[in-house]
Amino acid sequence: MSTHFDAIIVGAGQAGPSLAGRLTEAGKTVALVERKFFGGTCVNTGCTPTKAMVASAYAIHTARRGAEYGMTTGAVSVDFDRVMARKDKIRLDSRSSVEKWLKGMKNCTIFEGHAQFEGPREMRIGDEEISGERIFLNVGGRAAVPDLPGINDIPYFTNSSLMELDHLPRHLVIIGGSYIGLEFAQMFRRFGSDVTVIEKGPRLISREDPEVSDAICAILEKEGIHIRLDAECIRFAKQADGIAAGVDCTSGAPEVVGSDVLLATGRRPNTDDLCLDKAGVKTGERGYIEVDDVLRTNVPHIFAMGDCNGRGVFTHTAYNDFEIVAANLLDNDPRRVSDRIQAYALYIDPPLGRAGMTESEARKSGRKLLIGTRPMTRVARAVEKGKTEGFMKVIVDADTEEILGAAILGTGGDEAIHSVLDVMYAKKPYTTIKRAMHIHPTVTELIPTVLGDLSPAT
Ligand SMILES: Cc1cc2nc3c(=O)[nH]c(=O)nc-3n(C[C@H](O)[C@H](O)[C@H](O)COP(=O)(O)OP(=O)(O)OC[C@H]3O[C@@H](n4cnc5c(N)ncnc54)[C@H](O)[C@@H]3O)c2cc1C
Ligand SMILES: NC(=O)c1ccc[n+]([C@@H]2O[C@H](COP(=O)([O-])OP(=O)(O)OC[C@H]3O[C@@H](n4cnc5c(N)ncnc54)[C@H](O)[C@@H]3O)[C@@H](O)[C@H]2O)c1
């Protein structure tokens with residue numbers, strides 16, 4: 001016999017649990033289904049463990065630079081087991097806190113298993129059948145494994161399996177030079193591995209402006225990370241002393257031999273095993289569920305939130321999806337996906353904070369632009385901290401005086417970017433920040449200076 005609920009939520013990632021909280025508070029009965037770990041990707045194999053490891057790598061790197069700051073240390077050695085144990089404690093605490101919260105939630109029934117559709121309102125979890133008035137999909141995504149020659153003949157890691165690593169790789173070969181690949185590249189180099197990043201495109205992190213890619217490439221190469229771009233024909237073969245990755249770059253050796261391989265070549269949505277066809281839910285070409293501006297699918301009582309809808313690939317976009325759904329369904333507040341401004345950070349050291357358009361996107365929009373930049377060597381706080389890599393750049397619409405986008409690659413860039421982002425949300429002209437008195441010494445205090453020094457884009 002099937003049990004009926006006001007709502008079924010599939011996935012306990014970044015949107016599902018909070019939505020369960022709001023719906024149950026509103027008196028609805030909720031079934032929440034999770035097939036693996038409470039907290040999903042971010043908590044278990046994404047943001048939380050990687051940023052915990054980034055923090056260890058930062059501490060180790062700073063200790064190695066101790067003499068520069070007046071500290072005498074012996075040789076710095078890395079206890080990789082302790083790095084991993086610290087990361088595990090942080091992610092397990094976070095996972096169990098989500099699990100405890102959900103399991104204690106009144107009117108919320110938890111099903112632990114894989115959910116799939118049996119009909120437009122019916123879902124099966126193993127032997128159990130449930131039905132829901134409304135269904136909310138928050139199923140996330142997983143690492144894409146490209147069909148590269150030889151891939152099935154070698155052992156490889158993805159971001160998930162790497163979290164269980166029981167040894168420090170002698171030479172980690174990372175396929176993919178974007179967000180995931182670069183964060184892992186720098187941390188493993190700092191832990192003591194040799195690291196080679198193999199990217200098929202002509203530059204790293206290709207969604208960013210070329211000067212951002214170049215600056216990041218220089219930061220990583222300075223730490224001894226090998227970067228191979230334009231890697232056309234990537235293929236693998238097992239060798240006695242490791243794994244050979246054929247590269248065929250336009251320059252450099254045609255092959256790299258490493259001890260371990262990490263695939264960081266993008267993500268794919270967990271929508272292929274949901275039997276979406278039984279509910280009539282449409283997906284696009286790459287399997288992402290199609291949604292409208294309030295995250296409703298083509299089937300009006302079914303919604304899709306987070307990575308599985310392809311409208312954002314970050315924790316904050318997944319959480320914002322929850323806020324949009326809750327606002328429309330429970331608060332009579334017409335929030336829309338199109339209201340949000342693109343924003344994210346890349347957590348290498350120093351980090352990259354980004355808001356709005358890149359310069360390339362702004363130029364393509366055909367607007368008249370004003371652009372201001374400043375190297376971190378001219379930011380007092382960065383000099384004092386001994387971290388002068390990077391630069392900041394702000395792009396303004398010359399006619400409306402609106403800020404269109406910004407990039408802050410530098411110490412504190414992940415935080416300082418919010419000063420720009422909040423003014424963009426407030427829809428105020430750039431002069432609002434230009435006239436603001438900021439605190440000295442901070443990175444943010446230089447944003448008014450950058451805005452006082454804008455030049456027309458040539
Ligand atoms: C290495 C890495 C680092 C990252 N770092 C950052 C970062 O610093 N900042 C940031 O903003 N983002 C980061 N991200 C991205 C971020 O983790 C994701 O965007 C976010 O977790 C998406 O949340 P979600 O709720 O959409 O899906 P998920 O968190 O993936 O949750 C989906 C859940 O649904 C469950 N599920 C799937 N299918 C079913 C089914 N059929 N039945 C039952 N349960 C199911 C899954 O088990 C999972 O628990 C990172 C990602 C990776 C991989
Ligand atoms: N700090 C953060 O917020 C953060 C950190 C990590 C990941 N994430 C999220 O995870 C998502 C996925 O990150 P990602 O870095 O895996 O994917 P991505 O889509 O950003 O980049 C994949 C990279 O792999 C390259 N590539 C693809 N196929 C290849 C091949 N066969 N050989 C060599 N290179 C190849 C691409 O050219 C690209 O540079 C990101 O979009 C991001 O939203 C966010």
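Why does Lys-51 count as partly exposed? In this predicted model, Lys-51 has 15 C-beta neighbours inside 10 Å, and therefore falls in the partly exposed class. The class runs between the cut-offs of 12 or fewer for exposed and 20 or more for buried.

**View 1. Lys-51, a listed binding-site residue, in helix H3****.** An unreviewed UniProt entry lists Lys-51 under "binding site", together with Asp-307. Lys-51 is found in helix H3, which spans residues 47–64. H3 also supplies at least two residues of the shell around ligand 1.

**View 2. Asp-307, the loop residue of the listed pair****.** Asp-307 lies between strand E16 (302–304) and helix H9 (315–330), in the connecting loop. Asp-307 counts as buried because 32 C-beta neighbours lie inside 10 Å. Leaving aside residues up to four places away in sequence, Asp-307 touches Gly-140 and Gly-141. Arg-267, Pro-269, Val-313 and Ala-318 are also among its contacts.

**View 3. Helix H3 crossing helix H5****.** H5 covers residues 80–103. The two axes come within 9 Å and cross at roughly 145°. The crossing is right-handed. From H3, the contact draws on Thr-48, Pro-49, Ala-52, Met-53 and Ser-56. From H5, it draws on Val-83, Arg-86, Lys-87, Ile-90, Arg-91 and Ser-94. By type, the contact residues are 5 nonpolar, 3 polar and 3 charged.

**View 4. The shell around ligand 1****.** Ligand 1 has 36 residues around it. Gly-11, Gly-13, Gly-40, Gly-140 and Gly-306 come nearest. Of these, Gly-140 is also touched by Asp-307. Strand E2 (30–34), helix H2 (40–44), H3 and H9 each supply at least two residues of the shell. The shell divides into 15 nonpolar, 16 polar and 5 charged residues.

**View 5. The shell around ligand 2****.** Ligand 2 is surrounded by 27 residues. The closest are Gly-176, Ser-178, Ile-180, Gly-266 and Val-313. Val-313 is also a contact of Asp-307. Helix H7 (179–191) and strand E17 (343–346) each supply at least two residues. H7 gives the largest share, with 4 residues. The shell is made up of 15 nonpolar, 8 polar and 4 charged residues.

Terms used. Residues are numbered from 1 along each chain as its sequence is written. Chains are lettered from A and ligands numbered from 1 in the order in which they are written. This is a predicted model: local features need pLDDT of at least 70, side-chain atom pairs count only at pLDDT 80 or more; totals for chains, interfaces and linings use all residues. UniProt positions are given in the numbering used here, feature names are shortened, and annotations may be inferred rather than shown by experiment. Two residues are in contact if their C-beta atoms, placed from the backbone, lie within 7 Å. Axes are lines fitted to C-alpha atoms, for helices over the stretch in contact, and angles run from 0 to 180 degrees between N-to-C directions. A crossing is left-handed if the near helix is turned anticlockwise from the far one by less than a right angle, and right-handed if clockwise. Ala, Val, Leu, Ile, Met, Phe, Trp, Tyr, Cys and Pro count as nonpolar, Asp, Glu, Lys and Arg as charged, and the others, Gly among them, as polar. A residue is near a molecule or strand if its C-beta atom, placed from the backbone, lies within 6 Å of it.
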